[in-house]
Amino acid sequence: SITSQQQNDLYLIAASAAVSGGSTAAGGTLNVTVADSNAKTIVKDGCVIKSTGESVTISSLTEEQLISVLASASASPTGSGTAGTISVLVSDSDTLTDIGETKEIYAEKHVRIRADGSAKLFQINAALSAGAQNAVGATVSVNVLDRNIKATVAPSQITANTGDVEIGATGDEMILLVLLAGGAAGANALRGVIPVIVNNSTILAEIEDGTEDNYTNISSGGKIAVKADADSGIYLIAGGLSAAGANAMGATINTAVVGNDIQANLGAFARLASVYDVLVQAHATEDIVMVSIAAGLAGSNAVNGVINTLVVKNVVKATAREHVTITVEKKDDGGSEEADPLPGVKVKAYDDTVLLNLAGSLSAAGSIGAGATVVTLVFNKEVTAETGATDVITCPGKVEVLAHANDDLILLAVAFGAGASTGVAGG
């Protein structure tokens with residue numbers, strides 16, 4: 001086995017508290033994190049790798065876990081209280097298994113070429129303030145995440161004599177952000193919650209393009225699989241509450257931009273020969289939940305609003321490019337065709353998305369209560385499975401080229417405003 005691996009575990013807990021008997025109590029926490037993870041396994045041109053009795057595994061692996069808890073609280077029994085938390089995270093992760101133009105990779109059993117990455121982010125930010133006169137609370141979180149997971153093979157000779165050949169890239173991520181802000185004051189309360197996340201993932205399993213004279217040739221005594229798989233769960237929860245004797249104002253602005261590019265490709269002029277099935281598959285599963293709440297109670301005026309913006313773009317593609325030759329020939333082992341279905345070739349791309357975008361605002365006041373909620377969704381998905389016009393595919397079973405997308409999208413915006421003189425709500 002040839003393997004590179006990197007594991008990062010980062011735990012951050014920061015808290016501040018301020019109490020003042022004078023005019024102002026102020027407290028805050030600030031965190032800026034820049035994380036860079038790299039695991040690269042590179043086989044250079046001209047190499048020969050052989051296992052005459054076992055398997056050959058060439059792989060790279062990254063595992064990342066970040067747990068962050070930020071809290072700030074302030075109180076002034078005679079004046080004003082101000083509390084805030086600000087967190088910034090920039091994470092760049094590269095997991096690469098790159099096979100150059102090797103002369104030969106041979107295994108008596110299996111050949112596995114893999115790149116795998118997993119990332120977990122759990123973040124809780126809270127800011128609470130209280131003052132006899134004014135209370136100000138704010139929570140801001142900015143997260144920029146970029147992941148590249150690639151298993152690629154340049155024109156090479158690869159043989160698994162009695163086993164399977166697998167070229168695979170997988171990405172698994174879980175992101176949970178919880179942001180809270182609250183303020184209570186005898187006169188005026190102001191609070192804001194602003195989470196922002198930009199998450200881009202590229203997951204690629206690919207036999208690179210060759211030429212008529214220089215191409216990848218794979219021979220397997222079992223199955224051949226080229227697979228790219230992604231499993232993503234993103235959960236964003238933001239809420240704010242303000243209460244004041246006179247005026248209470250607050251806003252929750254939640255923004256997420258998610259981009260996924262998942263591809264499994266057979267490059268031009270690739271030649272694959274196997275005894276059993278050949279599979280080229282790109283698969284993505286996404287669960288995205290965005291929940292935002294803003295509420296305010298005041299003796300005179302209360303104004304609260306929520307703006308949710310979610311942009312999702314997915315590309316899921318499985319292809320056999322031009323001049324690809326695939327030959328499947330089942331070994332005669334004496335079994336019946338009914339009990340052991342004939343092997344075939346499948347080029348498959350599918351994507352399953354569950355998306356919930358929920359927002360609500362509440363304002364109640366003795367004079368004017370106004371609440372507004374805006375929910376925006378931009379959703380773009382491209383799911384493609386294709387073979388080239390010049391490909392030659394021969395097998396005793398089925399040849400299937402399938403593309404499938406399943407989407408469950410739920411948007412809900414609620415606004416409520418109540419006042420003794422005026423109540424205004426829009427959503």
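**Lys 348 and Tyr 350.** I began with a charge and a ring. The charged end of Lys 348 sits over the ring of Tyr 350. I noted 4.4 Å from that end to the ring centre. The model is a predicted one, so I read each distance as computed.

**Aromatic pairs.** How many aromatic pairs does a search of the whole structure find? I got zero.

**The sheet.** Next I looked up strand order. Seven strands form an open sheet, and the pairing is parallel. I wrote the order down as β3-β6-β9-β12-β15-β18-β21. Which strands are at the edges? They are β3, residues 48-51, and β21, residues 392-394. Each of these pairs on one side only. I also checked the twist: neighbouring strands of this sheet are turned by 5 degrees against each other on average, with direction ignored.

I then picked one pair from the sheet. Strand β15 covers residues 271-274 and strand β18 covers residues 325-328. I found four bridges between them, in the parallel sense. Within this pair, Ala 273 stands opposite Thr 327 of β18.

**Largest nonpolar core.** I counted 46 residues in the largest nonpolar core. Leu 266 and Leu 272 have the most contacts inside it. I listed the partners of Leu 272, leaving out residues up to four places away in sequence. They are Ile 207, Ile 218, Ile 224, Leu 266, Val 278, Thr 325, Ile 326 and Thr 327.

Another core lies apart from this one. I noted 20 residues there, including Leu 89, Leu 145, Leu 236 and Met 290. As background, nonpolar side chains tend to be buried together in soluble globular proteins.

**Leu 236.** I followed this member of the second core. Leu 236 belongs to strand β13, residues 224-244. Is it buried or exposed? Leu 236 has a relative accessible area of 2%, so I logged it as buried. Beyond four places in sequence, Leu 236 touches Leu 177, Ile 197, Asn 254, Ala 256, Val 289, Met 290 and Val 291. Leu 236 and Val 291 are 55 residues apart along the chain, yet their C-alpha atoms are separated by 6.2 Å.

**Val 289.** I turned to another partner of Leu 236. Val 289 is in strand β16, residues 278-298. Its relative accessibility is 21%, and buried requires under 20%, so I logged Val 289 as partly exposed. Outside its neighbours within four places, Val 289 contacts Ile 234, Tyr 235, Leu 236 and Leu 356. I also took a long-range distance: Val 289 and Ser 68 are 20 Å apart, C-alpha to C-alpha, with a sequence separation of 221 residues.

Conventions. Residues are numbered from 1 along each chain as its sequence is written. This is a predicted model: local features need pLDDT of at least 70, side-chain atom pairs count only at pLDDT 80 or more; totals for chains, interfaces and linings use all residues. Side-chain values use heavy atoms; hydrogens and water are left out. Two strands pair if DSSP finds at least two bridges between them. Helices (H or I, at least four residues) and strands (E, at least two) are DSSP runs, numbered from the N terminus. Axes are lines fitted to C-alpha atoms, for helices over the stretch in contact, and angles run from 0 to 180 degrees between N-to-C directions. Buried means under 20% relative accessible area, exposed over 50%, partly exposed in between (1.4 Å probe, protein chains only). Contact means heavy atoms within 4.5 Å. Rings of Phe, Tyr and Trp (its six-membered ring) pair if their centres lie within 6.5 Å; planes under 30 degrees apart count as stacked, over 60 as edge-to-face and the rest as tilted. A charge sits over a ring if NZ of Lys or CZ of Arg is within 6 Å of the ring centre and within 35 degrees of the ring normal. A nonpolar core is a set of buried Ala, Val, Leu, Ile, Met, Phe, Trp, Tyr and Cys residues joined through side-chain atoms within 4.5 Å.
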